[in-house]
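Got your viewer open and a selection box ready? Let's walk through this one stop by stop.

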Amino acid sequence: MSRLLEFFLGSILITIFTVAFLFFSALQYIFKVDSIADCTWQGSARAWIDSNGDGRVGANEPPLGGVEIYVEQTQFQLIDLRLPVITDRNGDVMFDVSLPGCSRATFEIYVNTPQGYRSTTRPRIEVNPDAEANLSTDPVYYFGFMPDR
């Protein structure tokens, strides 16, 4: 009787381990848990108070902190950074975006115009990053705002 019970319990354990292995293998395949992105696209943005409204950063125009900036992939919707990155007190923010398999992706960088301001530059910028060319320099995207009157 004990050998039959031992065989039965052993069969149950083997079945449980097999199902668990299949389940976690499927999760790894779906979410690519252990994969590391081959490339990272880096960039930064700067927000400033465009006092004269010309869309260019002037010498006496101060930075604007607290501006929400979003990065969203527009092509395949594989990468979507819904949480905003917020500019610091110097109006600057940096972001890193992983590119699975060094894919060529098109991104849109956009801002929520702060209350009490209006945009003097394009509020949305389309970006086609080249991960290999981006290794030496990080592009900066500018967003100017003028106070509402």
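## Start in the middle: β5

Select strand β2 (residues 68–73) together with β5: 5 bridges join the two, and they run antiparallel. Inside this pair, pick Y70 and you'll find it opposite Y110 in β5. One thing to keep in mind as you click around: this is a predicted model.

Now add strand β7 (residues 124–127), which is joined to β5 by 4 bridges and also runs antiparallel to it. Here, try F107: its bridge partner in β7 is V127.

How many of the residues of strand β5 are buried? Color residues 107–111 and check: 5 of the 5 are buried, so β5 is largely enclosed by the rest of the structure. Show the side chains and you'll see F107, I109 and V111 pointing one way, while E108 and Y110 point the other way.

## Zoom out for a moment

Show everything as a cartoon. The protein has 1 helix and 8 strands, and from the N terminus the order is α-β-β-β-β-β-β-β-β. Of its 149 residues, 30% are buried. Switch to a surface view and you're looking at about 10300 Å² of exposed area, with carbon and sulfur atoms supplying 58% of it. As for contacts with a separation of 6 or more, 62% are between residues 24 or more positions apart.

## Into the core

Next, select W41, I69, I109, Y141 and F143. These belong to the largest nonpolar core, a set of 20 residues, and they touch the most other members. Which strands supply at least two residues each? They are β1 (39–49), β2, β4 (92–99), β5, β7 and β8 (140–147). The biggest giver is β1, with 4 residues.

## A loop stop: A105

Move to A105, in the loop between β4 and β5. Is A105 buried or exposed? Its relative accessible area is 5%, so A105 counts as buried. Add V127 to the selection and draw a C-alpha to C-alpha distance: the two are 8.6 Å apart in space and 22 residues apart in sequence.

## Two salt bridges

Side chains of opposite charge can pair when their charged atoms come close. This structure holds 2 salt bridges, so let's visit them.

Select D92 and R46 for one of them; the closest N and O atoms are 2.5 Å apart. This pair links distant parts of the chain, with D92 in strand β4 and R46 in strand β1, 46 residues apart. D92 is partly exposed, at 24% relative accessible area, and R46 is partly exposed too, at 31%.

Then go to R124 and E108, where the closest N and O atoms are 2.5 Å apart. Again distant parts of the chain are linked: R124 sits in strand β7 and E108 in strand β5, 16 residues apart. Why does E108 count as buried? Its relative accessibility is 19%, and buried means under 20%. R124, at 42%, counts as partly exposed.

## Last stop: the helix

Finish by selecting helix α1 (residues 2–31), where you'll find L13. L13 is partly exposed, with a relative accessible area of 48%. Now extend the selection to L5, F8, L9, I12, I16 and F17: along with L13, they make a nonpolar surface patch of about 720 Å².

Definitions and conventions: Residues numbered from 1 in each chain as written. Predicted model: local features only at pLDDT ≥ 70, side-chain atom pairs only at ≥ 80, totals over all residues. Heavy atoms only, no water. Patch = residues over 30% accessible without salt bridge, like charges linked within 9 Å, V, L, I, M, F, W, Y side chains within 5 Å. Areas by Shrake-Rupley, 256 points an atom, 1.4 Å probe, with all protein chains shown as cover. Salt bridge = Lys/Arg side-chain N within 4 Å of Asp/Glu carboxyl O. Buried < 20%, exposed > 50% of the residue type's maximum accessible area, 1.4 Å probe, protein only. Contact = heavy atoms within 4.5 Å. Pairing = 2+ DSSP bridges. Core = buried A, V, L, I, M, F, W, Y, C linked by side-chain atoms within 4.5 Å.
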